[in-house]
Amino acid sequence: MQTGVLRVLRATAASWWRHKELRRTGQTGQAQRLERETVLRDLGYLRQAAALPHAHAICGEGGTFIHLGWTTVSTFAPIERFPLATLAVARGTPFIDIRPVTDVIAIANLPRVARDGSVDPEPWGPGSSVSLLTYIDMVEGLGARILNDPRSHQTA
């Protein structure tokens, strides 16, 4: 793991209000233990984001989410204020930015990305599952921006 990644994760963990409060009240050991646990958890999320074929980050008006199969990590903040998501994208996780999309009803009616790789047959709707590549095709048609596009790695 790169030193820069660890530095960001440590700084993020140390900035949490709970950890700051523990330090302020003299409970430095407990703060350090919780910060270590947080960093290890976040490293696990980064490893999953790199290893899982359907892992992706998505950012909209409701916040930022990292989808890791059956696990989702999220915040109400945009990706610019979510260091873990920023790191995942910087390390190659596909990123879907739906903030430019103006038709929120169309986004809401899209199927979800399959968590385990099993996709539903067409016709698709809000409760069905599609592959990450199919989902990216759909949201891009609505105006979303895609970074680390996994379709560019596909061979025709």
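Here is a quick tour of this protein chain, from its overall layout down to a few single residues.

Keep in mind that you're looking at a predicted model. The chain has 156 residues, and 38% of them count as buried. Along the way we'll stop at two pockets, some salt bridges, a helix and two buried residues.

**The overall layout**

- The protein chain contains six helices and seven strands.
- If you walk along the sequence, you meet them in the order α-α-α-β-β-β-α-β-α-β-β-α-β.
- Draw a box along the principal axes around the C-alpha atoms, and you get roughly 60 × 30 × 25 Å.
- Take the contacts in the chain with a separation of 6 or more: 47% of them come from residues 24 or more positions apart.

**The largest pocket**

- The largest pocket holds about 490 Å³ of space.
- It has 26 lining residues, and those closest to its centre are Ile-58, Phe-65, His-67, Ile-98 and Tyr-135.
- Strand 1, strand 2 (63-68), helix 5 (104-108) and strand 5 (112-113) each put at least two residues into this lining.
- Sorted by class, the lining has 13 nonpolar, nine polar and four charged residues.

**The second largest pocket**

- In the second largest pocket there is about 160 Å³ of space.
- Its lining includes Thr-12, Trp-16, Arg-41, Asp-42 and Phe-82.
- Helix 3 (28-51), strand 3 (71-75) and helix 4 each supply at least two lining residues here, and strand 3 gives the most, with three.
- By class, this lining has six nonpolar, three polar and three charged residues.

**Salt bridges**

- How many salt bridges does the structure hold? There are ten, and a few of them are worth a look.
- Glu-21 pairs up with Arg-24, and their closest N and O atoms are 2.6 Å apart. Both sit in helix 2 (residues 17-24), three residues apart, so about one helical turn separates them.
- Why does that spacing suit a pair on a helix? An α-helix has 3.6 residues a turn, so residues three or four places apart point the same way.
- The two partners don't sit in quite the same surroundings: Glu-21 is partly exposed at 29% relative accessibility, while Arg-24 is exposed at 61%.
- Glu-140 forms a salt bridge with Arg-151, with 2.8 Å between the closest N and O atoms. Glu-140 belongs to helix 6 (residues 132-141) and Arg-151 to the segment after strand 7 (145-147), so this pair ties together parts that are eleven residues apart in sequence. Glu-140 is partly exposed, at 38% relative accessibility.
- Some salt bridges share partners, and that joins Glu-80, Asp-97, Arg-99 and Arg-145 into one network.
- Inside that network, Arg-99 and Asp-97 have their closest N and O atoms 2.9 Å apart. Is each partner buried or partly exposed? Arg-99 is partly exposed, at 25%, whereas Asp-97 is buried, at 2%.

**Helix 4**

- Helix 4 covers residues 83-90, and its buried residues include Leu-84, Ala-85, Leu-87, Ala-88 and Val-89.
- After helix 4 comes Gly-92, which has a positive phi near 110 degrees.

**His-56, a buried residue in a strand**

- You'll find His-56 in strand 1 (residues 56-60).
- His-56 has a relative accessible area of 4%, which is under the 20% cut-off, so it counts as buried.
- Which backbone oxygen does the side chain of His-56 reach? It is that of His-54, at 3.0 Å.
- Leaving out residues up to four places away in sequence, His-56 touches eight-odd neighbours you can look up in the model, among them Phe-65, His-67, Pro-94, Val-113 and Leu-132.

**Ala-144, a buried residue in a loop**

- Where is Ala-144? This residue is in the loop between helix 6 and strand 7.
- Despite its loop position, Ala-144 is buried, at 7% relative accessibility.
- Not counting neighbours within four places in sequence, Ala-144 is in contact with Ile-96, Asp-97, Ile-98, Val-101 and Val-139.
- Ala-144 is 132 residues from Thr-12 in sequence, and their C-alpha atoms are 28 Å apart in space.

How values were computed:
Residues numbered from 1 in each chain as written. Predicted model: local features only at pLDDT ≥ 70, side-chain atom pairs only at ≥ 80, totals over all residues. Heavy atoms only, no water. Helix = DSSP H or I, 4+ residues; strand = E, 2+ residues; numbered from the N terminus. Buried < 20%, exposed > 50% of the residue type's maximum accessible area, 1.4 Å probe, protein only. Polar contact = N/O pair within 3.5 Å; in protein donor to acceptor, adjacent residues only side chain to side chain. Contact = heavy atoms within 4.5 Å. Salt bridge = Lys/Arg side-chain N within 4 Å of Asp/Glu carboxyl O. 1 Å grid on protein atoms, 1.4 Å probe; cavity = no way out; pocket = protein on both sides within 12 Å on 5 of 7 lines; lining within 4 Å. Points joined across faces, edges and corners; volume = space filled by probe spheres on them. Nonpolar A, V, L, I, M, F, W, Y, C, P; charged D, E, K, R; others polar.
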